[in-house]
Amino acid sequence: MDLKKSVAVVFVSLGWMMRLQLTQTREEMEQCCQVDMIIPLDRADDCSSAVDESSEPHDKMMCPLECKLKSLGLLNGDDLVEAKVQEYVDRLEGDWKGTAKTIATDCITTITEMKKKIQDRDHDMKCSPVGAIFMMCLMKHTQAKCPEDKWQNTSFCNKMRSGECFPKRGRQ
């Protein structure tokens, strides 16, 4: 095997390993707060074919998530379908429902502001980052506002909640 093919195999292998690690990390993050997910992705379409091995790293993360959110009716093009977000919030129960409504409203506001910045930049991304930004916002706010009796007091979860794992870079 020549050097060029060897390098390609290494990059493809690393890409799959990163994808698996990100999936495992996401699942671990979801376990930190033992409440119903505001937007559960378990009923979304399987979107693994939304990208291929030659796709840009950004697209490997954004495209499957965009596909999943579209399959759930939460995205229409680059637009978040706020009424559908509200449907998901409305299915929740108890005190968590009120907290989830606040989180969803805050994240919709964040998306509105971020979309303006994204549109100002002429990006050549295959898939929109809107869905990924929205889901990351939901996750971070869920962790921040998680009821103490639902929080998993582990080293990993506490690092996530404190922001140690994702230092702020001017974003939410």
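Here is a short chat between a visitor and a guide about this predicted model.

Visitor: What should I keep in mind about this predicted model?
Guide: Local features need pLDDT of at least 70 and side-chain atom pairs count only at pLDDT 80 or more, while totals for chains, interfaces and linings use all residues. Residues are numbered from 1 along each chain as its sequence is written, and side-chain values use heavy atoms, with hydrogens and water left out.

Visitor: Which elements does the chain have, and what makes something a helix or a strand?
Guide: There are six helices and two strands. Both are DSSP runs numbered from the N terminus: H or I over at least four residues for a helix, E over at least two for a strand. From the N terminus on, the order is α-α-β-β-α-α-α-α.

Visitor: How do you know that C33 and C146 form a disulfide?
Guide: A disulfide here is a pair of cysteine sulfur atoms within 2.5 Å, and the C33 and C146 sulfurs are 2.1 Å apart. The link is right-handed, with 95° about the S-S bond. C33 sits in the loop between α1 (3-30) and α2 (57-71), and C146 in the loop between α5 and α6 (155-162), 113 residues apart.

Visitor: How many disulfides are there, and what is the pairing?
Guide: The structure holds five. Number the bonded cysteines in sequence order and you get 1-10, 2-9, 3-5, 4-7, 6-8.

Visitor: Why is C47 called buried or exposed, and what about C67?
Guide: Buried means under 20% relative accessible area, exposed over 50%, and partly exposed in between, with a 1.4 Å probe and protein chains only. C47 has 1% relative accessibility, so C47 counts as buried. C67 has 27%, so C67 is partly exposed. These two cysteines also form a disulfide, with sulfur atoms 2.1 Å apart. That link is left-handed, at -70° about the S-S bond. C47 belongs to the loop between α1 and α2 and C67 to helix α2, 20 residues apart.

Visitor: What else is buried in α2, and how does its span compare with the expected one?
Guide: D59, M62, C63, P64, L65, E66 and L69 are buried there. The expected span is 1.5 Å times one less than the number of residues. With 15 residues, α2 is expected to span 21 Å, and its 22 Å from first C-alpha to last is close to that. Just after α2, G73 takes a positive phi of about 80°.

Visitor: What makes the α4 and α5 crossing right-handed?
Guide: A crossing is right-handed if the near helix is turned clockwise from the far one by less than a right angle, and left-handed if anticlockwise. α4 passes α5 in the right-handed way. The axes of α4 (residues 94-120) and α5 (residues 130-144) come within 9 Å and cross at roughly 140°. Axes are lines fitted to C-alpha atoms, for helices over the stretch in contact, with angles from 0 to 180 degrees between N-to-C directions.

Visitor: Which residues make the contact between α4 and α5?
Guide: Contact means heavy atoms within 4.5 Å. Among the residues are W96, I103 and M114 of α4, and V130, F134 and L138 of α5.

Visitor: What ties α4 to α5?
Guide: C107 and C137 form a disulfide, sulfur atoms 2.2 Å apart. C107 lies in helix α4 and C137 in helix α5, so the pair ties together parts 30 residues apart in sequence. Both cysteines, C107 and C137, are buried.
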